[in-house]
Amino acid sequence: MTNIKTITLKQPIIRGETQISEIQLRKPNVPALKGLKLLDLMQSDVNAISTLLPRITQPMLTKADVDRLDVVDFTKLTGAVFDVMGVNDEESESETDEGKSD
């Protein structure tokens, strides 16, 4: 599992004369998750993901940036959120299974 993931956007974000075509996501810490329901994040709730992205992206996305994202880019960023959080990590699942008694 990596703590940072870089995503190349299909549709770059334009801010004035600056064009952002790559976004780095870092693994969120507890303060970044405050005010969010983990279940909403795991269910890919658009509002929850939209709230989290500005907290964990570099360059930092604004709410307006997130609202203007192409759906393909939003979906890629959502997948990257799960990757950096370790949700898609098979190793985590096997560790959980090992702790179970049958």
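Let's start in the loop between β3 (57–58) and α4 (63–68), where Pro 59 is found; helices (H or I, at least four residues) and strands (E, at least two) are DSSP runs, numbered from the N terminus. This is a predicted model, in which local features need pLDDT of at least 70, side-chain atom pairs count only at pLDDT 80 or more, and totals for chains, interfaces and linings use all residues. Residues are numbered from 1 along each chain as its sequence is written, and side-chain values use heavy atoms, leaving out hydrogens and water.

**Backbone points to check**
- The peptide bond joining Gln 58 and Pro 59 is cis, with omega about -5 degrees.
- Ser 44, in the loop between α2 (38–42) and α3 (46–56), has a positive phi near 55 degrees although Ser 44 is not a glycine.

**Nonpolar core**
- The largest nonpolar core (buried Ala, Val, Leu, Ile, Met, Phe, Trp, Tyr and Cys residues joined through side-chain atoms within 4.5 Å; buried means under 20% relative accessible area, 1.4 Å probe, protein chains only) has 23 residues, of which Ile 23, Leu 25, Leu 52, Leu 53 and Leu 77 touch the most other members.
- At least two residues of this core come from each of β1 (4–15), β2 (18–26), α1 (30–33), α3 and α5 (71–85).
- Beyond its neighbours within four places in sequence, Leu 77 has contacts (heavy atoms within 4.5 Å) that include Ile 7, Leu 9 and Leu 61.

**Helix packing**
- The axes of α3 and α5 (lines fitted to C-alpha atoms over the stretch in contact, with angles from 0 to 180 degrees between N-to-C directions) lie 11 Å apart at about 75 degrees.
- The two helices, α3 and α5, are therefore roughly perpendicular (65 to 115 degrees).

Notes:
Buried means under 20% relative accessible area, exposed over 50%, partly exposed in between (1.4 Å probe, protein chains only). Angles under 35 degrees count as roughly parallel, over 145 as roughly antiparallel, 65 to 115 as roughly perpendicular and the rest as oblique.
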